[in-house]
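Here is a walk through one protein model, from single residues in loops out to the whole chain. Keep the structure open as you read.

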Amino acid sequence: MTQTHLTTANDLLLRPAGLDAEALTNVLSGMMTHNIDYADLYFQYSRSESWGLEEGQVKSGSFNIDQGVGVRAVSGEKTAFAYSDDIHLDALQQAASATRAIASLGQEKTGHSIVTRSHVPLYLPQDPIASLSADAKVKLLEKLERYAKAQDPRVTQVMASMAAEYEVVMVARSDGVMAGDVRPLVRVSLQVIAEHNGRREQGSSGGGGRFDYSYFTDEVLQDYAQKAVHQALVNLDARPAPAGSMTVVLGSGWPGILLHEAIGHGLEGDFNRKGSSAFSNMIGQQVAAKGITIVDDGTIKDRRGSLTMDDEGNAPEKTVLIEDGILRGYIQDTLNARLMGMNLTGNARRESYAHIPMPRMTNTYMLNGDKDPQEIIKSVKKGLYAANFGGGQVDITSGKFVFSAAEAYMIEDGQITYPVKGATLIGNGPDVLTRVSMVGNDMALDSGVGTCGKEGQSVPVGVGQPTLRIDGLTVGGTSA
């Protein structure tokens, strides 16, 4: 259980400042005027590092330590928030005093005595930064560079990087709950450039999760090198992508980023409470083709997007959002669940103590269908196979999106023929859900590289899906 996590948080965050559970109870009680529905204190300590290697040398590096506390009061739809990087009683009381401006003074509610809450841990409370020496970290990057260059003589440039974070958080709430978490996070990224006959193309790969650097074995690093170089070499031979409406097959795994962006954000509670999502007021309605089930699951062990507890101290869940094409629910935090009269889903997330929580995705993916991926390819007379994605953007209100394919091929007469470059997928999230005609049985999660941005806050996430066939999707390209 996470009692040891709470002990770590107490030792690291409260004890050095001379704080204890009684002091936090007093601060929260002082905030609870008659017009305040809820209040919480969010303490955080984080230590992070990054290393970057280019042309055989470490060209960049950083190390950062940060700590602080965020103080929040909620009254109806209004939220007051203050934060401080000074974890001491005076600073805490000043921040709490600032949040009380949200409500008129009145009879104070009785404060709750603190009750600790434990959750089933989804990762070990380890410090990944301490798991390797500085020399060993440099050697790991050098090894990754060697593996990439050994793949093919056309590889002319390799950029490798690694990053780790050790984060300890604690939440104390006005309902008396206190909970803590110790969150490791690591990531290795690789980008290669290949050249041939005056043409230069790039490929990338990487991965990570909530563990330490020992995850990156020789086998894992060789896999990253193979995938990055393969992508670059494929693009060296790629022809200009055609444009127009056509059948598109999306590969499994990372292409689930399209689901995340074009659909997942539209299922977050705050957008739906405000009526600004394309999915507002549609629970119980058919919003996708039959056979499509999409979940958000923060409970998968060691995954980048998983959390032993969310940033309000609640347990994450495996939340069914769309079931067999029917919209079943939204992703919720405390405020939006209360105002919408819906159940919590454990999706309150914030970038740091200096940010307010909001409903955010964890690991969002589509469940398996019953089609073999090869059967899906064979069913296409002429179309595009998007094996991997680069960047993209979406408008939450309309659901419109644009995504660029990092690795794509033409499908002709049921066969993958030649690679194409410059393909962009253009569409509308809710509309695309209705155009899925085949769902593969090869669901895969991404390798652990996702970062999601929303209202200026970034948090780690995961995505996934099986191979999908989408009919009549607009492809932007460079060839008529």
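Asp 324 sits in a loop, with β11 (318-323) on one side and β12 (326-327) on the other. The model is predicted. Look at the backbone here: Asp 324 is not a glycine, yet its phi is positive, about 50°. The relative accessible area of Asp 324 is 33%. Buried would require under 20% and exposed over 50%, so Asp 324 falls in between and counts as partly exposed.

Now move along the chain to Glu 455. The loop that holds Glu 455 runs between β22 (450-454) and β23 (457-465). Glu 455 is not a glycine either, and its phi is positive at about 50°. Is Glu 455 buried or exposed? Its relative accessibility is 58%. The cut-off for exposed is over 50%, so Glu 455 counts as exposed.

A further loop holds Ser 277. It links α7 (269-273) to β10 (294-297). Ser 277 has a relative accessibility of 7%. That is under the 20% limit, so Ser 277 is buried. What surrounds Ser 277, beyond residues up to four places away in sequence? It touches Gly 266, Phe 271, Asn 272, Ile 396 and Thr 397. With Gly 266 there is also a polar contact: the Ser 277 side chain reaches the backbone oxygen of Gly 266 at 2.5 Å.

Next, the helices. Asn 235 belongs to α5, which spans residues 218-236. Its relative accessible area is 5%, so Asn 235 is buried. Setting aside neighbours within four places in sequence, Asn 235 is in contact with Arg 199, Glu 201, Gln 202, Ala 406, Val 420 and Lys 421. One of these contacts can be described in atomic detail. A polar atom of the Asn 235 side chain lies 3.1 Å from the backbone oxygen of Ala 406. For a sense of scale, take Arg 304. It is 69 residues from Asn 235 in sequence, and the two C-alpha atoms are 29 Å apart in space.

Helix α2 covers residues 21-31. How far is α2 enclosed by the rest of the structure? Of its 11 residues, 8 are buried, so the helix is largely enclosed. The buried residues are Ala 23, Leu 24, Thr 25, Val 27, Leu 28, Ser 29, Gly 30 and Met 31. At the N-terminal end of α2, Asp 20 acts as a cap. A side-chain oxygen of Asp 20 lies 3.2 Å from the backbone nitrogen of Glu 22.

Step back to the whole chain. The protein has 10 helices and 24 strands. Its C-alpha atoms fill a box of roughly 75 × 55 × 35 Å along the principal axes. Does the radius of gyration fit or contradict a compact globule? For 480 residues, a compact globule would have a value near 23 Å; the protein has 24 Å, which agrees.

Burial and contacts fill in the picture. Of the 480 residues, 55% count as buried. Among contacts with a separation of 6 or more, 76% join residues 24 or more positions apart. The accessible surface comes to about 19000 Å², and carbon and sulfur atoms account for 48% of it. Last, the charges. There are 43 positive and 56 negative side chains. The centres of the two sets lie 4 Å apart.

Technical notes
Residues numbered from 1 in each chain as written. Predicted model: local features only at pLDDT ≥ 70, side-chain atom pairs only at ≥ 80, totals over all residues. Heavy atoms only, no water. Helix = DSSP H or I, 4+ residues; strand = E, 2+ residues; numbered from the N terminus. Rg over C-alpha atoms; globule rule 2.2 N^0.38 Å. Buried < 20%, exposed > 50% of the residue type's maximum accessible area, 1.4 Å probe, protein only. Contact = heavy atoms within 4.5 Å. Areas by Shrake-Rupley, 256 points an atom, 1.4 Å probe, with all protein chains shown as cover. Lys, Arg positive; Asp, Glu negative; His and termini not counted. Charge placed at Lys NZ, Arg CZ, Asp CG, Glu CD. Polar contact = N/O pair within 3.5 Å; in protein donor to acceptor, adjacent residues only side chain to side chain.
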